[in-house]
Amino acid sequence: MPFIKLTKIERKRILALLTCLLMAIGAWLFLSLNNKYVYTAKTVLVYKNFPQKRAFHALQSDTVDLQVEGTGWQLLFAKLRIKPQSISISLDKLNSRNYILFSEQLYGVNRQLETSQKIISVKPDTLYFDFSQRAVKRVPVRLVSDFTFANQYNISNDIVLSPNYVTLLGPQEELKKIKDWPTDTLVLRKLQGTAVARIAMTRNSMKNVSIFPPSAEVKVPVDEFTEKTLDLPLNIISNREYYNIKLYPKKVKVTFLVPLSKYQLISDSFMDAVVDMDEWKLKKHSQLKVKINRFPDYCKLVKIVPDKIDFIIEK
């Protein structure tokens with residue numbers, strides 16, 4: 001198929017025509033995108049001005065459809081979901097009724113948007129709320145943690161939370177379900193000394209429950225640990241028939257890790273080693289397993305030697 005050969009003048013004319021056509025399309029597109037259009041945008045509601053004497057529960061989703069009047073550019077970006085906006089809604093009317101009308105707050109809502117945008121209507125226009133008796137409850141704070149320690153270091157005492165309780169304010173039925181309140185995860189790495197940090201309470205997913213205070217101070221006592229071994233006498237438990245029982249051996253060696261600061265304080269009076277006669281009477285074991293009944297929380301058990309002992313019962 002032969003190619004059409006154009007002269008230099010003809011090529012210039014076609015290029016000029018295409019340039020004019022593209023400029024016309026661009027001008028039309030620019031003018032069109034500057035015109036006003038009505039479009040729908042999904043928006044998340046953020047509540048403010050909560051009623052002080054009434055607990056509430058929203059009966060619908062916190063996402064609504066806004067009928068927005070804006071430029072074609074805004075319509076294009078709304079369809080592309082660039083930076084979806086949220087709007088604040090005042091709940092002060094819930095002090096005297098159980099619903100909120102968007103039409104009463106359109107002026108305030110429009111002030112939150114760009115000046116070239118205007119909300120015409122909201123679907124649904126009415127938000128309904130369920131009310132229940134408002135109650136106060138104190139629950140313990142539960143620390144959520146992720147710690148790592150330097151070699152030979154560990155927690156040497158109880159972690160201290162201040163405060164260790166939070167006060168919840170909300171519907172009585174909701175508060176009955178809450179036994180404690182977790183914190184955000186406290187992440188501390190390669191600890192080799194006592195750490196003090198402030199951690200926020202986990203985000204409240206229930207919009208009608210208030211938490212106070214919103215954060216707590218955490219003190220994590222950390223010390224270097226070393227091994228210590230003590231000889232502990234064995235005690236017998238569950239000897240209901242008062243048998244005369246001889247144990248072999250009568251003592252065991254307990255090896256454990258102890259904080260250096262408490263090394264001299266720990267003695268055999270801090271822990272008990274026992275054997276349970278139910279292992280022989282009920283489970284028919286020929287040896288008794290050694291158990292530690294009482295042991296300091298800040299120590300870490302390493303081993304018991306021997307961990308099983310022989311016995312003779314004299315009737």
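1. Let me start with a ring: Trp-280 is partly exposed, at 25% relative accessible area. For reference, buried means under 20% relative accessible area, exposed over 50%, and partly exposed in between, using a 1.4 Å probe and protein chains only. This is a predicted model, so local features need pLDDT of at least 70, side-chain atom pairs count only at pLDDT 80 or more, and totals for chains, interfaces and linings use all residues. Residues are numbered from 1 along each chain as its sequence is written, and side-chain values use heavy atoms, with hydrogens and water left out.

2. Now the overall picture. The protein has five helices and 23 strands; helices (H or I, at least four residues) and strands (E, at least two) are DSSP runs, numbered from the N terminus. Of its 315 residues, 34% count as buried. Take the contacts between residues at least 6 apart in sequence: 74% of them join residues at least 24 apart. Contact here means heavy atoms within 4.5 Å.

3. Which residues touch the most other members of the largest nonpolar core? They are Leu-168 and Trp-181, in a core of 24 residues. At least two core residues come from each of strands S8 (134-149), S11 (165-171), S12 (181-191), S13 (195-200) and S15 (215-220). By definition, a nonpolar core is a set of buried Ala, Val, Leu, Ile, Met, Phe, Trp, Tyr and Cys residues joined through side-chain atoms within 4.5 Å. In soluble globular proteins, nonpolar side chains tend to be buried together.

4. Trp-181 deserves a click in your viewer. Leaving aside neighbours within four places in sequence, Trp-181 is in contact with Val-139, Pro-140, Val-141, Arg-142, Val-166, Leu-168, Met-201, Thr-202, Asn-204, Met-206 and Ile-211. Apart from this core lies another, of 21 residues, including Ile-245, Val-252, Ile-266 and Ile-309.

5. On to the aromatics: a search of the whole structure turns up five aromatic pairs. Rings of Phe, Tyr and Trp (its six-membered ring) pair if their centres lie within 6.5 Å; planes under 30 degrees apart count as stacked, over 60 as edge-to-face and the rest as tilted. Phe-147 and Phe-149 make an edge-to-face pair, with 6.4 Å centre to centre and 80° between the planes. Phe-147 counts as buried at 15% relative accessibility, whereas Phe-149 is partly exposed at 25%.

6. Back to Trp-280, whose partner is Phe-311: their pair is edge-to-face, 6.5 Å centre to centre, with 75° between the planes. This pair links distant parts of the chain, since Trp-280 is in helix H5 (residues 278-281) and Phe-311 in strand S23 (residues 308-314), 31 residues apart. Phe-311 is buried, at 15% relative accessibility. Together with Tyr-243, these two form one aromatic cluster.

7. Two lysines sit over tyrosine rings. The charged end of Lys-228 is over the ring of Tyr-263, 4.6 Å from its centre, and Lys-262 lies over the face of Tyr-298, at 4.9 Å from the ring centre. The criterion is NZ of Lys or CZ of Arg within 6 Å of the ring centre and within 35 degrees of the ring normal.

8. One sheet to look at is open and has three strands, in the order S10-S15-S13, with antiparallel pairing. Why is one side of S10 and of S13 left without a neighbour in the sheet? Strand S10 (160-162) and S13 stand at the edges, each with a single partner strand, so one side of each has no neighbour there. The twist averages 25° from one strand to the next, with axes as lines fitted to C-alpha atoms and angles running from 0 to 180 degrees between N-to-C directions; for helices the fit covers the stretch in contact. S13 and S15 are joined by six bridges, and Ala-197 stands opposite Val-218 in S15. Two strands pair if DSSP finds at least two bridges between them.

9. Finally, some backbone spots to check. Most residues other than glycine have a negative phi, and most peptide bonds are trans. The Tyr-248 to Pro-249 bond is cis, with omega near 0°, and Pro-249 is in the loop between strands S17 (244-248) and S18 (251-259). The bond from Val-305 to Pro-306 is also cis, with omega near -10°; Pro-306 lies in the loop between strand S22 (300-305) and S23. Gln-152 has a positive phi, near 75°, and is partly exposed at 47%. Ser-238 has a positive phi too, near 65°, and is partly exposed at 24%.
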